[in-house]
Each structure stands twice: as C-alpha cells, then as structure tokens.
Amino acid sequence: DSTRQSFIKLLAEACQEEMDNVAEKVQEAKRRASEELTRKTSEEAERRKREEAAARAQEEADRRAREEAERRTREEQERQRQHDIAQQAALLAQRQQDQSLLERDRQQRALLEAQHHQAQSGQQHQEQSDRQQQSQDTRHGSDQVDGAVKLATPEVWTRPDRADFIGQMKQDPEAIIVLGHGETVTVKAVTNPAGSRMFWEFATENYDLAFGVSFQWPGVDGAEGQVVEVLPSERKQSHQLVIGGSHSYPGSGTYLIQFDNTYSVLRAKTVYYRVYYAA
C-alpha cells in the first residue's frame, strides 16, 4: 500500500508539473499574441498617420497650385488691363496730336491768307487794273510787255516744323510722291476763279530735292499754251525744312509744280506736299 501511495503521489506531482508547464506555455503564447497584436496595431496607426500626412501634403500642394494659378490669372488680367489702358492713352494722344496738327495747319493757313490779304490791300486798285489788262492779254494767248511774258515775283518761305508737316501729310496718300533716281514729277494745279493766289509747301524725309514752278497759259485752238517760269528749279534743303511759296494768278491757266530728282543717280526721294489756292 505504501508503494502504491508513493506511486500515486509521484504521479500526481508529475501531472501537476505537466499542468504547470502547459499553463506556462499558454501564458507565454497569450503574451506573444498580445505583443503581436500591439505591434500590428501600432504599425497600422503609424501607416494611417503617414497616409493622413501624405493626404494633407497633397491637399496643401493642390491649394498652393490653385492659389498660384489664380495669382497668375490676376496678374495676366492686370497686365492686359494696363496694356489696354496704355493703348487707349496712346490712341487718345495720337488723336489729340492729329487734331493739334490740323488746328496748327488751319491757323497757319489763316495767318498766311491774312498776311497776303493785308499785303494786297494796299495795292488793290493797281492789281485790279493789272488783272483787267492781263485778262485782255490772256485772250490773245499771253501776258506780254514789249513782246516778253511778265509775271509777278513769287513769295517764298521756309518753316522748321518739317516732322509735324510730314506726319500730317502722311494721312493723305495723294499728298505723297515717290521719285526714283533720275526722275522728275510735275504736279498740275489749275487756277480756280474762287482764288487769286496759288500756294505750295513740301518736305522730304532724308535728302534734298530740286524744285521749280512754271505757269502755262491756256492754248488757242487746241494748241499747247505758252509756258513761263515762275520759280527757277533749284535744289532745296527740304530734308531739313518745310519749303513753301505762293504766287498771284497772272490770269487763267495751269501752274506746273516740278519735283526734280534728275541729278541723283542712286537715291530715290519721298516727297510730302500740298498745293492750294486762296483769295
């Protein structure tokens, strides 16, 4: 009996020891499982933080990109607005300059007409007598004294505002003549009964030009009328000054206004001119 009791006791101790080992292994397994769960939870939390940080960074980048695009749009709109304002200001300034040139031209023409009218007022009776005599002579084909044609001396002048004059003439294509080298162009201006004096003004851009004026009486029976010289052809500093002049009508006829570039073998010339009459 004592042997059996000893055996049972040893068996119970062995069972208890095995149960303690099993319990210890279970506890270890639980601990490891808990640690693994904690690790995975921590990793998941860290992953989520990274994803959230990346999302926030992307949102910030998108926001900055939108702000930059909006800023550039505003700048482009402001630049376009400033450009439009500058263009409108330039157009307004050009319009005002054109109006100023037109007004200056009107005033100069009025001044010239007043000067000529004043100069003629003291000779009115004499000129009237001369015109009557010239009119009678014109019916015979010319105005002659002792067999030679006699004309009044033309008035000539210069003006320094060449650039303004050219700018004004450029607005009228018919006021521009281009002469090739060695070329001559003659502008014909018929006397108008509403006036008593012919005026001319011209300028060139870069080089001088020869200029002269003649007068052609009406022909008889279809023949060419007699041509007499009013102003001899001479080279003028028209690239530096406005060249102007005027002449009292000797009667009915045609003024031959000649721009002469025959002396130039290389250079073409651009002429800006106007011809008009006044009482």
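**Long-range contacts and an open antiparallel sheet**

Of the contacts in the chain (heavy atoms within 4.5 Å) with a separation of 6 or more, 83% are between residues 24 or more positions apart. The model is a predicted one, in which local features need pLDDT of at least 70 and side-chain atom pairs count only at pLDDT 80 or more, while totals for chains, interfaces and linings use all residues. Residues are numbered from 1 along each chain as its sequence is written, and side-chain values use heavy atoms, with hydrogens and water left out.

The chain has three helices and 11 strands, taken as DSSP runs numbered from the N terminus (helices: H or I, at least four residues; strands: E, at least two). Their order along the sequence is α-α-β-β-β-α-β-β-β-β-β-β-β-β. Of the 279 residues, 29% are buried, that is, under 20% relative accessible area with a 1.4 Å probe, protein chains only. The exposed surface of the chain comes to about 19000 Å², with 50% supplied by carbon and sulfur atoms; areas were computed by the Shrake-Rupley method with a 1.4 Å probe.

Turning to the sheet, four strands form an open arrangement in the order 5-10-7-8, with antiparallel pairing; two strands pair if DSSP finds at least two bridges between them. Strand 5 (184-190) and strand 8 (227-236) are the edge strands, each pairing on one side only. On average, neighbouring strands of this sheet are turned by 15° against each other, direction ignored, with axes fitted as lines to C-alpha atoms. Strand 7 (residues 209-216) runs antiparallel to strand 8 and is joined to strand 8 by seven bridges. Here, glutamine 216 has valine 227 of strand 8 as its bridge partner.

Technical notes:
Buried < 20%, exposed > 50% of the residue type's maximum accessible area, 1.4 Å probe, protein only. Axes fitted to C-alpha atoms, helices over the stretch in contact; angles between N-to-C directions.
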